Amino acid sequence: MGNSDQLVVPLAQVGLDSIAEVGGKNASLGEMIQQLGPAGVQVPGGFATTAAAYRLFITANGLRPALAALLDGLDTNDLAALQAVGQGARALLGGADLPPPLAAAITAAYRDLAAAMAASGVPAAVAVRSSATAEDLPEASFAGQQETYLHVEGETALLAACRRCYASLFTDRAIAYRQQHGFDHLEVALSIGVQRMVRSDLASSGVMFSIDTETGFRDAVLLTAAYGLGENVVQGAVNPDEWLIFKPTLEQGFAPILSRRLGSKALRMVYADPSGGDGRAVRNEAVSPEDSRRFALSDGEALTLARWACVIERHYGERRGVPTPMDIEWAKDGLSGQLFILQARPETVESRRGGAVLRSWHLEPHQAEEITSGRAIGASVSSGRARVISDPGEIARFMDGDLLVTRRTDPDWEPILRKASGVVTDQGGRTCHAAIIAREMGLTAIVGTGDGTSRIGNGDSITLSCCEGDVGHVYRGALPFRVEEQAIGDLPATRTRILINVGNPEEAFNLASIPCDGVGLARLEFIIANHIRVHPMALLQPERVTAAADRAAIAELVAGYDTPAEYYVDLLSQGMARIAAAFHPRPVILRFSDFKSNEYARLLGGSAFEPAEENPMIGWRGASRYYAPAFRDAFALECQALRRVRESMGLRNVIPMIPFCRTPEEGDRVLAVMAGEGLVRGKDGLEVYVMCELPSNVIGAEAFAERFDGFSIGSNDLTQLTLGLDRDSALVADLFDERHATVKEMIRLAIRTARRCGRKIGICGQAPSDYPDFARFLVEEGIDSISLNPDAVVPTRIAIAAMESELDAAASAGGLAPAPHG
């Protein structure tokens with residue numbers, strides 16, 4: 001930095017090695033100006049006073065003895081005493097004069113800065129920021145403890161703001177922070193940063209992290225933006241716009257905006273009187289409805305800021321020698337339209353979290369009455385208040401954390417299920433809606449009790465236990481239980497790829513920490529039902545929607561989009577992309593929509609486009625929709641969304657899969673529609689898979705293998721269609737068994753044919769995680785992959801590694817080679 005007795009230094013001459021002299025904030029600003037300016041990162045220029053300047057100020061005014069007397073014996077838990085000491089200390093510093101050498105140095109540096117700004121046509125207004133440091137702890141951060149003064153103009157106003165900065169070293173919160181963390185108040189110094197003022201009051205500002213703050217997922221930038229000065233965003237006073245951007249393909253030149261959420265941005269912080277120059281006169285004004293409905297940044301600006309976040313993170317990681325996710329403040333200048341970084345510091349919460357853990361639930365010994373029992377879904381335990389509900393319209397009766405008790409569920413129940421901590425149904429088996437959704441949401445679920453709604457009283461305190469095997473038990477009362485967590489270390493490798501099933505994109509970043517080889521089944525139905533909520537044909541042919549309530553709801557949802565169809569493509573592509581990004585570069589097999597007609601009819605506007613079918617389970621679903629004149633344009637929207645994910649976002653790890661494809665010829669029709677939408681099999685590495693869930697898929701596997709790159713066995717549908725039963729019918733639920741000899745023979749034939757044809761084949765049903773003997777059967781037959789629900793991935797991987805080792809040992813003893821895997 002130069003002479004350690006310097007009182008003022010240009011920010012461009014300091015860096016991270018200067019923390020003891022200018023504090024962490026100013027050192028970081030200088031580091032970015034010096035090192036990252038050539039990479040395009042813009043930081044407002046300026047200068048900083050040094051720790052030596054602060055000590056000169058204290059010594060010249062004889063303040064040290066008075067401060068020591070004030071602070072001696074302070075108990076920061078005594079709020080009145082803390083306030084009195086803080087007020088006294090601030091009065092001491094605020095009433096003191098800046099020593100003439102320091103005042104002269106600040107004034108000279110300001111004149112140089114003002115001249116440079118004037119040459120650029122910029123008013124000589126500056127931001128005056130505090131940057132504290134402790135000499136004996138150069139990495140110490142005092143972020144947020146001192147004050148910032150904005151839009152300071154003129155030498156007199158600047159010197160007054162500097163005195164207030166020095167006084168802010170003794171704000172009540174700063175005193176308490178130092179005392180709680182063991183810092184000597186009199187050994188901490190303060191540096192003042194003076195920078196060109198970025199007029200975000202005329203534009204926008206916000207915060208971004210080079211890590212997803214909710215999940216700790218490190219490959220995303222989370223960016224927030226609101227109008228006006230940044231204080232509203234930092235303090236959470238407004239609901240800002242939000243972008244989530246994927247770093248790996250962003251740095252390859254793509255535009256991977258995984259999600260974009262419009263915030264209400266109801267307030268804008270501006271200067272009350274910029275001409276006053278005191279740096280404290282700010283006010284909030286209401287944002288107009290028109291501005292509120294617009295994003296505060298363009299997508300291009302959001303991508304620019306995200307690229308800067310990547311540059312900043314990489315630089316700090318290299319300097320520190322460890323990966324360093326960053327917490328960054330930014331602003332847009334309303335006069336020039338330029339973007340600037342105002343501050344960058346290491347993120348300190350999510351980046352310190354440990355790795356994934358394996359959780360197991362255990363009931364403590366008890367003598368509680370068992371009320372009823374059914375099929376256990378998952379292995380968790382939940383206690384709470386039972387809420388017996390017969391219709392999803394009764395959601396107002398349901399409180400967060402209640403346990404839902406009902407006859408059965410369908411997609412209309414998902415808003416209630418999102419509030420529930422568990423669910424009990426009278427009807428259904430392991431593959432019913434309640435079971436599937438409970439697995440995706442991590443709920444404790446007991447299905448098919450037969451009598452739960454009649455035996456459980458509304459408002460009863462109950463415990464659901466799924467940790468005792470295949471049978472789930474409902475006990476009276478709130479029973480004690482414990483959850484054991486086991487850190488996931490090095491898991492054994494397997495020849496059989498272990499994949500994961502994902503439905504909700506919002507859970508994808510969390511699930512990505514589970515050790516797996518990719519996604520074997522990503523379903524679009526969750527995105528369509530819960531995020532989009534509108535039938536695609538209602539967006540393409542809105543004149544056919546006659547229900548006034550539906551028309552109004554759809555109009556509200558698509559507001560802000562150029563066309564209703566763009567709403568569908570945008571949300572669908574974001575959901576696809578979030579799952580693809582979470583597991584990138586591992587493969588993500590994404591199944592096109594497979595709603596039945598009765599399920600599509602429940603979407604907004606859906607009743608105008610859907611037929612009434614006696615048996616939708618084997619009716620107009622899957623592939624047969626995609627080329628049908630009544631649905632082809634809707635399928636084209638799915639193709640457009642996938643193309644956006646692959647081509648615009650660079651997420652080419654996505655493999656589309658066709659469900660319920662009855663004949664090879666039907667496969668040809670679907671592939672032709674996809675090609676017409678720019679998704680040509682083989683182009684840019686595009687593979688296309690097909691579900692193997694019909695007897696015709698097994699019997700005609702060779703013909704399907706000529707048209708598709710891989711198969712995924714849907715054991716639920718394959719079982720019901722092989723055994724001729726309705727898997728949703730409680731009357732025949734006891735006959736549903738993937739392990740039945742005839743079903744296993746179908747699976748065996750499918751695996752062997754696929755392998756003979758050189759095609760990948762996996763399975764995405766529940767059976768391998770429920771039945772070790774079934775998993776062993778699949779491994780023995782040489783299946784390429786097994787896709788599991790999240791809770792089953794780790795234990796199944798361990799079990800399959802043991803199976804493969806045992807089979808290898810047996811093969812070696814018999815002089816045989818282990819079965820190869822593709």
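Strands (E) are DSSP runs of at least two residues and helices (H or I) are runs of at least four, numbered from the N terminus. With that in hand, welcome to the close-ups; please keep in mind that the model is predicted.

**View 1. Asp-241 and its polar partners in strand E8.** Asp-241 sits in strand E8, which covers residues 241-246. Its relative accessibility is 0%, so Asp-241 counts as buried. What does the side chain of this residue meet? A polar atom of the Asp-241 side chain lies 2.7 Å from the backbone nitrogen of Gly-263, and the side chain also makes a polar contact of 2.8 Å with the side chain of Lys-265. Leaving aside residues up to four places away in sequence, Asp-241 touches Leu-223, Thr-224 and Ala-225, then Arg-261, Leu-262, Gly-263 and Lys-265, and finally Arg-294, Phe-295 and Ala-296.

**View 2. Met-441 in helix H13.** Here you can follow helix H13 (residues 433-441), where Met-441 is found. Is Met-441 buried or exposed? Its relative accessible area is 18%, and buried means under 20%, so Met-441 is buried. Beyond residues up to four places away in sequence, the contacts of Met-441 are Glu-414, Leu-417, Arg-418, Glu-507 and Phe-526. For a sense of scale, take Ile-713: Met-441 and Ile-713 are 272 residues apart along the chain, and their C-alpha atoms are separated by 23 Å.

**View 3. Backbone geometry at His-151, Asp-684 and Pro-585.** If you like to check torsions, this view is for you. His-151 has a phi near 55°, a positive value in a residue other than glycine. His-151 belongs to strand E4 (residues 148-153), and it counts as buried because its relative accessibility is 6%. Asp-684 also has a phi near 55°, again positive in a residue other than glycine. Asp-684 is in the loop between helix H23 (664-676) and strand E27 (689-692). With a relative accessible area of 44%, Asp-684 is partly exposed. Which peptide bond here is cis? The bond from His-584 to Pro-585 is, with omega near 5°. Pro-585 lies in the loop that runs between helix H19 (564-583) and strand E25 (588-591).

**View 4. The barrel of eight parallel strands.** Follow the strands around in the order E23-E24-E25-E26-E27-E28-E29-E30, and the barrel closes. The pairing in this barrel is parallel, and neighbouring strands are turned by 30° against each other on average, direction ignored. For one pair in detail, look at E25 and E26 (residues 654-658): they run parallel and are joined by four bridges. In this pair, Leu-590 stands opposite Pro-656 in E26.

**View 5. The barrel of seven strands with mixed pairing.** This barrel follows the order E15-E19-E18-E17-E16-E20-E21, and the pairing is mixed. On average, and ignoring direction, its neighbouring strands are turned by 35° against each other. Strand E15 (residues 370-377) and strand E21 (residues 471-476) run antiparallel and share five bridges. Gly-374 stands opposite Gly-472 in E21.

**View 6. Nonpolar cores and the surroundings of Ile-658.** The largest nonpolar core has 106 residues, and those with the most contacts inside it are Phe-583, Ile-658 and Met-674. Helix H19 supplies the largest share of this core, 13 residues. Around Ile-658, apart from residues up to four places away in sequence, the contacts include Phe-592, Ala-623, Tyr-626, Val-670, Met-674 and Phe-708. The stretch Val-688, Tyr-689, Val-690 and Met-691 also touches Ile-658. Another core, of 51 residues, lies apart from the largest one; among its members are Tyr-110, Val-152, Tyr-166 and Val-188.

**View 7. Cysteines Cys-639 and Cys-692.** How many disulfides does a search of the whole structure find? The count is zero. Why is Cys-639 without a bond? The closest cysteine sulfur, in Cys-661, is 14 Å from the sulfur of Cys-639, which is too far for a bond. Cys-692 is in no disulfide either, and its nearest cysteine sulfur, that of Cys-764, is 10 Å away. Cys-639 is buried, with a relative accessible area of 0%. Cys-692 has a relative accessibility of 1% and therefore counts as buried.

Methods. Residues numbered from 1 in each chain as written. Predicted model: local features only at pLDDT ≥ 70, side-chain atom pairs only at ≥ 80, totals over all residues. Heavy atoms only, no water. Buried < 20%, exposed > 50% of the residue type's maximum accessible area, 1.4 Å probe, protein only. Polar contact = N/O pair within 3.5 Å; in protein donor to acceptor, adjacent residues only side chain to side chain. Contact = heavy atoms within 4.5 Å. Pairing = 2+ DSSP bridges. Axes fitted to C-alpha atoms, helices over the stretch in contact; angles between N-to-C directions. Disulfide = S-S within 2.5 Å. Core = buried A, V, L, I, M, F, W, Y, C linked by side-chain atoms within 4.5 Å.
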